[in-house]
Amino acid sequence: MKNMIESGTSAAMASENVLADVDRRKQDRHIAMLRLAKIKAESGEGWGFIKNLSATGMMVEVHPNFELGDKVSALLTEDQELTGAVRWRKKALAGIEFSVRCHII
């Protein structure tokens with residue numbers, strides 16, 4: 001792996017790339033350090049650890065094997081259940097897009 005000097009990349013160019021990554025997210029993220037939620041889908045149910053949460057979706061480490069497009073619900077508390085669809089998977093991590101914008105507790 002080349003460093004910035006060997007690759008000809010300036011510090012300014014590197015910081016522009018970092019800013020571009022930061023700007024790609026439109027909603028604020030709320031860090032939920034391994035907040036446990038029950039995740040349910042037609043194919044089954046299991047537990048998930050919520051890594052981050054926004055009004056429009058969440059990233060969760062899921063233990064059931066949900067697939068892209070699966071409709072899921074996440075029970076955060078007895079009174080708060082969020083519904084949505086799996087939009088991406090990377091190993092045990094999944095991105096869930098909520099079907100409606102939610103108010104986060």
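This report describes the fold, the surface and the salt bridges of a predicted model.

Residues are numbered from 1 along each chain as its sequence is written. Because the model is predicted, local features need pLDDT of at least 70 and side-chain atom pairs count only at pLDDT 80 or more, while totals for chains, interfaces and linings use all residues; side-chain values use heavy atoms, without hydrogens and water.

**Overall architecture**

The protein chain contains two helices and six strands, these being DSSP runs numbered from the N terminus (helices H or I, at least four residues; strands E, at least two). Their order from the N terminus is α-α-β-β-β-β-β-β. Of the 105 residues in the protein chain, 30% are buried, a class defined by under 20% relative accessible area, with exposed meaning over 50% and partly exposed in between (1.4 Å probe, protein chains only). The accessible surface is about 7,500 Å², and carbon and sulfur atoms hold 55% of that area; areas come from the Shrake-Rupley method with a 1.4 Å probe. Among contacts (heavy atoms within 4.5 Å) with a separation of 6 or more, 42% join residues 24 or more positions apart.

**The E4–E5 hairpin**

Strand E4 (residues 71–77) pairs with strand E5 (residues 80–90) in the antiparallel sense, over six bridges; pairing requires at least two DSSP bridges between the strands. A hairpin of two residues connects E4 to E5. Within this pairing, Leu 75 lies opposite Glu 81 of E5.

**Salt bridges**

Side chains of opposite charge can pair when their charged atoms come close. The whole structure holds four salt bridges, each a side-chain nitrogen of Lys or Arg within 4 Å of a carboxyl oxygen of Asp or Glu. The table lists some of them.

| Acidic residue | Basic residue | N to O distance |
|---|---|---|
| Glu 81 | Lys 40 | 3.5 Å |
| Glu 61 | Lys 51 | 3.5 Å |
| Glu 97 | Arg 87 | 2.7 Å |

Glu 81 and Lys 40 meet in a salt bridge, and this pair links distant parts of the chain, from strand E5 to strand E1 (residues 30–41), 41 residues apart. Glu 81 is partly exposed because its relative accessibility is 41%; Lys 40, at 31%, is also partly exposed.

Glu 61 forms a salt bridge with Lys 51, which joins strand E3 (residues 57–62) to strand E2 (residues 44–53) across 10 residues. Glu 61 is partly exposed at 23% relative accessibility, and Lys 51 is partly exposed at 28%.

Glu 97 and Arg 87 likewise form a salt bridge, with Glu 97 in strand E6 (residues 93–98) and Arg 87 in strand E5, 10 residues apart. Glu 97 has a relative accessible area of 39% and is therefore partly exposed; Arg 87 is partly exposed at 46%.
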